[in-house]
Number of protein chains: 2
Amino acid sequence: MESSDLMAPADKPMVDREVHTPETFNHQPKIVLDGEMSLLLDSGVTLAPLTIAYQTYGELNADNSNAILVCHALTGDQYVAGIHPVTGRPGWWDNVVGPGLPLDTDRYFVLCANVLAGCMGSLGPPETNPKTGKPFALSFPLVTIEDMVRAQALLLDHLGIDQLFCVIGGSMGGMQALEWASRYPDRVFSAVPIAAAARHTAQNIAFHEVGRQAIMSDPNWCDGDYLNQSKRPQQGLAVARMTAHITYLSDAAFHRKFGRLLQDSQEKTYGFDAEFKVESYLRHQGSTFVDRFDANSYLYITRAMDYFDLAAQHDGVLSMSFRETPVRFCVIAFTSDWLFPVSESQAVVQALNANAANVSFCEIETDKGHDSFLLNEPEFFDVLNGFLRGAAKHRGLI
Amino acid sequence: MESSDLMAPADKPMVDREVHTPETFNHQPKIVLDGEMSLLLDSGVTLAPLTIAYQTYGELNADNSNAILVCHALTGDQYVAGIHPVTGRPGWWDNVVGPGLPLDTDRYFVLCANVLAGCMGSLGPPETNPKTGKPFALSFPLVTIEDMVRAQALLLDHLGIDQLFCVIGGSMGGMQALEWASRYPDRVFSAVPIAAAARHTAQNIAFHEVGRQAIMSDPNWCDGDYLNQSKRPQQGLAVARMTAHITYLSDAAFHRKFGRLLQDSQEKTYGFDAEFKVESYLRHQGSTFVDRFDANSYLYITRAMDYFDLAAQHDGVLSMSFRETPVRFCVIAFTSDWLFPVSESQAVVQALNANAANVSFCEIETDKGHDSFLLNEPEFFDVLNGFLRGAAKHRGLI
């Protein structure tokens, strides 16, 4: 489902326009908040005018109380459901967002915005710098998870939504959900951080750094200026994606999916072609990714995640991030997630407990790893359904 | 300690010569088995003449019964102790091999050979192909762990050592130790595979594939022909090393070493320089590695590890690899090793138990990860000391 025809209160100015994108991205027109607003970033730089590309699914109710903000992960975007205009494939949460699904679009107004520094129409490195008429590239300022959330808050202002019924997201989306609940406790009725963490660990940073080095050492990166030079650092970006992808699965998941099976034959070929099935799979992950993602955006967003440390915003005390919070939390973690392990979610729950917050913690037993939040995990859906139904009852939505 | 002057029975022909190496490697002369021998590889290719570069420490006793073969890991080499001639730093097992150390050179004759396809003087991609006068590069045949072990067996023939007192190694060295015990049970009195596995898993292969892609997508790789073109794929090799290095540590080790500490300042710089300490550390790991290692060798050796599957040599039944084995085993694993997890060592122990083998299994509690076998782990040293002393008693060495 494309939501262009469903969305936006009529009293708000809205612009449908073709946003600058690299030729290869071949975007379809999208909904953008193309405001006169400006945003002061953590770095001290002011972004103006601010452009936020977003999609919506379902309808906002009369008192604007049924909005669910979905926050996407590192390589996600605003196309959570329906057919993605670039890839032609279903949106990344097509199994969660839709009529009768956990994020029921017959009941809720589901909203997802491309993060700041992204590459699907929100202001970011591949977008045109109005002052130069050329892509920002590395002249785009570094952003933080906090900046991403502030930008989303401006979008909500624009849409006339004072309080979200729920903010939800997995991985980096979960970081944003935590930041939302911490920064705007009165604008969030409930929050569902999934497979997330309140900080990036040294190992997390290490994996991101490897990805960035892979991109930046690709000669076609051209010190970030590749769009102006009609080049693309596809090899480097593919290697970055392949490395990251390993961290999204688990050893057990790899074993079950591929084992040691050879790709084409029963016999070793004694060469460097993709000989094992797992190699072909990874190469495919790398090569399809570069068609839909911008390398500089990858640098910026990974850096934003590295910077994230919610406790550091509060003198190193995580519980201070949620002081007397009125928000209802459902914290979800997956047992085989070694990228954002259960212990990181437990740290969040402990911080919430220290505030006597209303918090439900679900550790879901699965061997599918970090990406479990994107997969069909019945227990995950049950937890989501149950929590949202309970919260909706309290909010008077059902 | 350089061992050139200590080594080799006088009745064996031995050649000291300068071996071809890329200019940047700046090798010192090393001991080589420069034989008229040939080796039929698993791929069906015959390597002749075979060159094996090796080092020895301590003296062979009168009945040639006190030899310990150390098998090195992926990026290790024959310089286990003393000062490494290329790096100028201590050998990689300088804390384990030496007078009074667990591999006591006052008692044992310790021997380590550069693996086939390596880049420290044994026959491998950077060595000169006598037929062309140029480096083999990708014309070098693919090798397996089995081939590496067969080459070492030829070296022992040459040295007149019928039976090793012990074969020992960590990681890929442990794979070789397992292969030795399986293939040549009568030539091995005891075997100590450490942080090892009887096969490479899909996740292991995946990480290696990422490293290979990083190298092969570096334009300076020149389809493997970089030595002839006076180039080096340093960026790609550094990225490969950085990725691998993450897998050698643990989340906890990264956290303890670096946490989220910034490199130079207390404030974020909002840029892509190495801002966190962990980034500087990784970049250092990458940049120092490329000075001492050959990119093609990295491709070949990672592939050899990927191919390793001891059970597959015996109709998929691992226990058949050790049928009625007379070898005494000490299998050592580290609790925080997620690259070669404890479960892989347990599978080996189970296969040995199915043969009523003489096996001791030690799971050492540490949060330092896979590389624990290179670090000062007192419990690890105690285990090694105890096992070797017991075995030496049984062998009549003490």
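The expected span of a helix is 1.5 Å times one less than its number of residues. Keep that rule at hand for the first of these close-ups, which come from a predicted model.

**Figure 1. Helix 4 of chain A has the length the rule predicts.** Helix 4 covers residues 234-248 of chain A, 15 residues in total. Its expected span is 21 Å, and its end C-alpha atoms are 21 Å apart, so the two values agree. Look around this helix and you will find it mostly covered, with 14 of its 15 residues buried.

**Figure 2. Chain A as a whole has 9 helices and 15 strands.** The radius of gyration of chain A is 21 Å, close to the 21 Å that the globule rule gives for 398 residues, so chain A is as compact as a globular protein of that length. Along the principal axes, its C-alpha atoms fill a box of roughly 65 × 50 × 45 Å. Of the 398 residues in chain A, 56% are buried. Take the contacts in chain A between residues at least 6 apart in sequence: 69% of them join residues at least 24 apart.

**Figure 3. Chain A is divided into two parts, domain 1 and domain 2.** Domain 1 is made of two stretches, 15-201 and 309-395, while domain 2 takes in 203-303. Measuring over C-alpha atoms is how the centres are defined here, and 25 Å separate those of domain 1 and domain 2 of chain A. Where the domains of chain A meet, domain 1 brings 30 residues to the contact and domain 2 brings 24 residues.

**Figure 4. A:I68 sits in the largest nonpolar core.** This core has 258 residues, and A:I68 and B:I68 touch the most other members. Setting aside neighbours within four places in sequence, the contacts of A:I68 include A:L103, A:Y108, A:V110 and A:L111. A:L164, A:F165, A:C166 and A:I168 are also in contact with A:I68.

**Figure 5. A:V45 lies in a loop of chain A.** The loop runs between strand 3 (39-40) and strand 4 (46-47) of chain A. A:V45 has 15 C-beta neighbours inside 10 Å and therefore counts as partly exposed. For a sense of distance, the C-alpha atoms of A:V45 and A:L262 are separated by 52 Å, with their positions 217 residues apart along the chain.

**Figure 6. Chain A and chain B are related by a two-fold axis.** A rotation of 180° with 0.0 Å of shift along its axis superposes chain A on chain B, with an RMSD of 0.0 Å. That is the relation of a two-fold axis. The same surface serves both copies, as 98% of the contact residues of chain A recur in chain B.

**Figure 7. Chain A meets chain B through 41 residues of chain A and 40 residues of chain B.** On the side of chain A that touches chain B, at least two residues come from each of helix 3 (202-216), helix 4, helix 5 (251-257), helix 6 (277-289) and helix 7 (295-307). Helix 3 of chain A gives the most to this side, with 10 residues.

**Figure 8. A:F254, in helix 5 of chain A, touches residues of both chains.** With 21 C-beta neighbours inside 10 Å, A:F254 counts as buried. Not counting residues up to four places away in sequence, A:F254 touches A:L249 and A:V278 in chain A, and B:T201, B:A202, B:Q203 and B:A206 in chain B. The C-alpha atoms of A:F254 and A:K368 are separated by 8.6 Å, although these residues are 114 residues apart along the chain.

Definitions and conventions: Residues are numbered from 1 along each chain as its sequence is written. Chains are lettered from A and ligands numbered from 1 in the order in which they are written. This is a predicted model: local features need pLDDT of at least 70, side-chain atom pairs count only at pLDDT 80 or more; totals for chains, interfaces and linings use all residues. Copies are superposed by least squares on the C-alpha atoms of residues with pLDDT of at least 70 in both. Two residues are in contact if their C-beta atoms, placed from the backbone, lie within 7 Å. A nonpolar core is a set of buried Ala, Val, Leu, Ile, Met, Phe, Trp, Tyr and Cys residues joined through C-beta atoms within 7 Å. A residue is buried if 20 or more other C-beta atoms lie within 10 Å of its own, exposed if 12 or fewer, and partly exposed in between; C-beta atoms are placed from the backbone. Helices (H or I, at least four residues) and strands (E, at least two) are DSSP runs, numbered from the N terminus. The radius of gyration is taken over C-alpha atoms; the globule rule is 2.2 Å times the number of residues to the power 0.38. Domain bounds come from an automatic or database domain assignment.
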